[in-house]
Amino acid sequence: MGRRRSRAQYCKGELIEREDFSEDLAAFKFRVDKQLPFIPGQYATIGFQVGEKIVQRPYSIVSSPHEPFMEVFVELVPEGATTPLFWELKLGDSVFIRDRLVGKFVLDTESGMTRHVMAGTVTGAAPYISIARTQKIEQEQGKASPHQILTIVGASYSWELGYYMDELNELAAQEEWFTFVPTVSRPWGDPEWQGESGRAEDVIRKYGDHLGYDHTNAVVYACGHPQMIENSKAIWARARFPEERIKEEKFFVMKEE
Ligand SMILES: Cc1cc2nc3c(=O)[nH]c(=O)nc-3n(C[C@H](O)[C@H](O)[C@H](O)COP(=O)(O)OP(=O)(O)OC[C@H]3O[C@@H](n4cnc5c(N)ncnc54)[C@H](O)[C@@H]3O)c2cc1C
């Protein structure tokens, strides 16, 4: 007899903090009733009771395993099955969290490369924030790391990154191993914005080349919007990055035209 797949087990996550960055982007922090081990970059499967069923989707974890809460950064898909339920959550409400946190989109510590270019679109910054927070916390605990990280996050407008903009800018100002490049693709709608403009893929070569992160010494990562991932992969392939050092995490599949 074949092995039976074990039934999904869930923990309870109680909403302890919520910050809305815009009408359709928000950060949610949950207190989870069980300690769930994970590697920075992995995702949680979060569910909501709808009638008899649990409707669930994967969400990359923003928080570090060293933090006492689970944080996610979510974009509202108005016609979606799950995200409108996130938007109904009030402090003290609960969600279901599958008790296995999984995923392969983690810092590559096996290739021997110590430079990492991490490109994302808005919520696609989530795994990178977890990786960077963890390296910072572990460094404070005395654990040295050889890894140098360049994080490039594209958004339509700067405010879409909410408090992560300050967090990542501060980290970059404090730590020589961390460089952060936020880039805005609709600068005409964000007149105060003084930083980089364009999409993430428009600037990955510029900053990678400038810092000397290339196919001989770096691993590259793309996370979030599928089109950005395809564009970035093509740029990195032309820059001679081998396939096994181009990592991706697509958050959704583009609808067929
Ligand atoms: C590994 C992994 C990690 C993920 N991490 C995150 C995360 O950190 N934050 C986050 O917000 N989402 C994340 N997602 C996407 C998430 O799992 C859901 O797909 C998304 O939140 C929409 O769920 P929904 O039930 O509301 O919509 P659905 O009912 O599942 O989708 C409705 C339609 O919208 C499309 N769609 C889904 N997401 C988007 C989007 N962002 N923009 C445009 N169209 C979309 C779908 O392809 C589908 O056609 C992740 C996905 C994966 C696979």
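Reader: How many ångströms separate the centres of domain 1 and domain 2?

Author: In this predicted model, the centres of domain 1 and domain 2, taken over C-alpha atoms, are separated by 23 Å. Domain 1 covers 10-98, and domain 2 covers 115-250.

Reader: How should I read the contact, and how many residues does it take from domain 1 and from domain 2?

Author: The size of an interface is often given as the accessible area lost when the parts come together. Here the description is by residues in contact, their C-beta atoms lying within 7 Å, and on that basis domain 1 gives 18 residues to the contact while domain 2 gives 14 residues.

Reader: Which elements give two or more residues to the side of domain 1 that touches domain 2?

Author: Those elements are β1 (10-22), β2 (25-32) and β5 (70-75), and β5 supplies the largest share of that side, with four residues. By class, the side of domain 1 that touches domain 2 consists of 10 nonpolar, six polar and two charged residues.

Reader: Where does the ligand lie with respect to domain 1 and domain 2, and why?

Author: The shell around the ligand receives residues from both domain 1 (10-98) and domain 2 (115-250), and therefore the ligand lies between them. Around the ligand there are 23 residues, of which Arg57, Gly80, Thr82, Thr83 and Phe252 come nearest.

Reader: Which strands each supply at least two residues of that shell, and how does the shell divide by class?

Author: At least two residues of the shell come from each of β4 (53-60) and β5, and the shell as a whole has 12 nonpolar, six polar and five charged residues.

Note on methods:
Residues numbered from 1 in each chain as written. Predicted model: local features only at pLDDT ≥ 70, side-chain atom pairs only at ≥ 80, totals over all residues. Domains from an automatic or database assignment. Contact = placed C-beta atoms within 7 Å. Nonpolar A, V, L, I, M, F, W, Y, C, P; charged D, E, K, R; others polar. Near = placed C-beta within 6 Å.
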